[in-house]
Amino acid sequence: MVNAALPHEIEVVERIQESPTIFTLRLRFTDPVQHAAFHFEPGQFNMLYLYGVGEVPISIVSDPEDENLFDHTIRVVGRVTRGLGQLQARDRLGMRGPYGRGWPLKQAAGHDVMIITGGLGCAPVVSVINYVIRRRDKFRRLIIMQGVKHSDDLIWRSQYSQWSKLRDTQVLVAADVGVALWPWHIGRVTELFDQVEFDPSQAMIMMCGPQGMMRVAVDHLLRRGVTEDHIHLSMERNMHCAVGHCGHCQYGGKFVCQDGPVFSYAEAKPLFGIQGF
């Protein structure tokens, strides 16, 4: 195993521009031995370090069994991500990780898997989608729900179309604002719950996105009969150290970087939706 507490040198193998403000870096360790020893779970994150600029937590979006590369999809929102956006193939940077607790995919075996995301929320769960698709016989139905503010914000558009053609898979996409020829729903993604086909007693929910959207979705799922311990949320917080020392990501008595970022709703419930948490 790679020592997650120490920074390691990695290099960009490929850079993909997903939208005007979103890009994907395909990465590998410069040391082949370290690369072979690197393992992660869907839902975990790495700390990417740009020399002389700073460090930022980014979710891993690739499948853990991809032995060649690991991918990070990044939105330009500040100094570090802007610097990462300038990187090209063969450029080098630093990395610590993986960190955190990922999605409960072993528990999800034999269940309907529902993935609900908002904004760029799809990035932390796209590894789950790939994981389920590559191990399709281990799971029941796959439901993918994605909401964006504007139709132009939807990345991986062709992948959504491909996913919708797979067996036992339902894809529902919504945009608050849609342009001409937008093929999906115009409105909030939570307006699509009446179209969802799943068994509440056999469902495992994995959700990421704005907390308001997740709050509405949780309320609906609970009314449908999904239990609190089968609803899992990826909590986005300002993580600086990733080892539970700086306190920036404290969530009550827990630290998102160490105890999360994935929490069951049963765990998050006492503080979920309360302003300031």
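# A first look at salt bridges, rings and helix H6

Lysine 269 and glutamate 228 form a salt bridge, with their closest N and O atoms 2.9 Å apart. This pair links distant parts of the chain: lysine 269 sits in the segment after H8, glutamate 228 is in the loop between H6 and S12, and the two are 41 residues apart. Please keep in mind that this is a predicted model. Below you will find its salt bridges, its aromatic pairs and one of its helices, H6.

**Salt bridges**

- A search of the whole structure finds 16 salt bridges, and the pair of lysine 269 and glutamate 228 is one example.
- Both partners of that pair are partly exposed: lysine 269 has a relative accessible area of 41%, and glutamate 228 is at 27%.
- Arginine 135 and aspartate 63 also meet through their side chains, at 3.1 Å from N to O. Arginine 135 belongs to the loop between helix H4 (122-134) and strand S8 (142-150), and aspartate 63 to the loop between strand S4 (54-59) and strand S5 (70-75), so this salt bridge ties together parts that are 72 residues apart in sequence.
- Are arginine 135 and aspartate 63 buried or exposed? Arginine 135 counts as buried at 10% relative accessibility, and aspartate 63 is buried too, with a relative accessible area of 3%.
- Aspartate 137 pairs with arginine 167 in a salt bridge whose closest N and O atoms are 2.7 Å apart. Because aspartate 137 lies in the loop between H4 and S8 and arginine 167 in the loop between helix H5 (157-164) and strand S9 (169-177), the pair ties together parts that are 30 residues apart in sequence.
- Here aspartate 137 is exposed, at 71% relative accessibility, while arginine 167 is partly exposed, with a relative accessible area of 46%.
- Asp63 and Arg135 turn up again in a network of salt bridges, which links them with Glu65 and Arg134.

**Aromatic rings**

- The structure holds 11 aromatic pairs. One of them joins phenylalanine 38 and phenylalanine 40 in a tilted arrangement, 5.8 Å centre to centre and with 35° between the planes.
- Phenylalanine 38 is buried, with a relative accessible area of 9%, and phenylalanine 40 is buried with a value of 9% as well.
- Both of these residues belong to an aromatic cluster made up of Phe29, Phe38, Phe40 and Phe70.
- How are the rings of tyrosine 131 and phenylalanine 139 arranged? Their centres are 6.4 Å apart and their planes stand at 70°, so the pair is edge-to-face.
- Tyrosine 131 counts as buried at 17% relative accessibility, and phenylalanine 139 is buried with a relative accessible area of 8%.
- Arginine 135, met above as a salt-bridge partner of aspartate 63, also lies over the face of tyrosine 131, at 3.8 Å from the ring centre.

**Helix H6**

- H6 runs over residues 211-224, which makes 14 residues, and reaches 20 Å from its first C-alpha to its last, close to the 20 Å expected at 1.5 Å a residue.
- Which residues of H6 are buried? They are Met213, Met214, Ala217, Val218, His220 and Leu221. Seen down the axis of H6, they fall within an arc of 170°, so they line one face of the helix.
- An α-helix has 3.6 residues a turn, so residues three or four places apart point the same way.
- The cover over the buried residues of H6 includes strands S7 (112-118), S11 (203-208) and S12 (231-234), along with helix H8 (265-268).
- Glycine 225 follows H6, and its phi is positive, near 105°.

Methods:
Residues are numbered from 1 along each chain as its sequence is written. This is a predicted model: local features need pLDDT of at least 70, side-chain atom pairs count only at pLDDT 80 or more; totals for chains, interfaces and linings use all residues. Side-chain values use heavy atoms; hydrogens and water are left out. Helices (H or I, at least four residues) and strands (E, at least two) are DSSP runs, numbered from the N terminus. The expected span of a helix is 1.5 Å times one less than its number of residues. Buried means under 20% relative accessible area, exposed over 50%, partly exposed in between (1.4 Å probe, protein chains only). The arc is that of the directions from the helix axis to the C-beta atoms. Contact means heavy atoms within 4.5 Å. Rings of Phe, Tyr and Trp (its six-membered ring) pair if their centres lie within 6.5 Å; planes under 30 degrees apart count as stacked, over 60 as edge-to-face and the rest as tilted. A charge sits over a ring if NZ of Lys or CZ of Arg is within 6 Å of the ring centre and within 35 degrees of the ring normal. A salt bridge is a side-chain nitrogen of Lys or Arg within 4 Å of a carboxyl oxygen of Asp or Glu.
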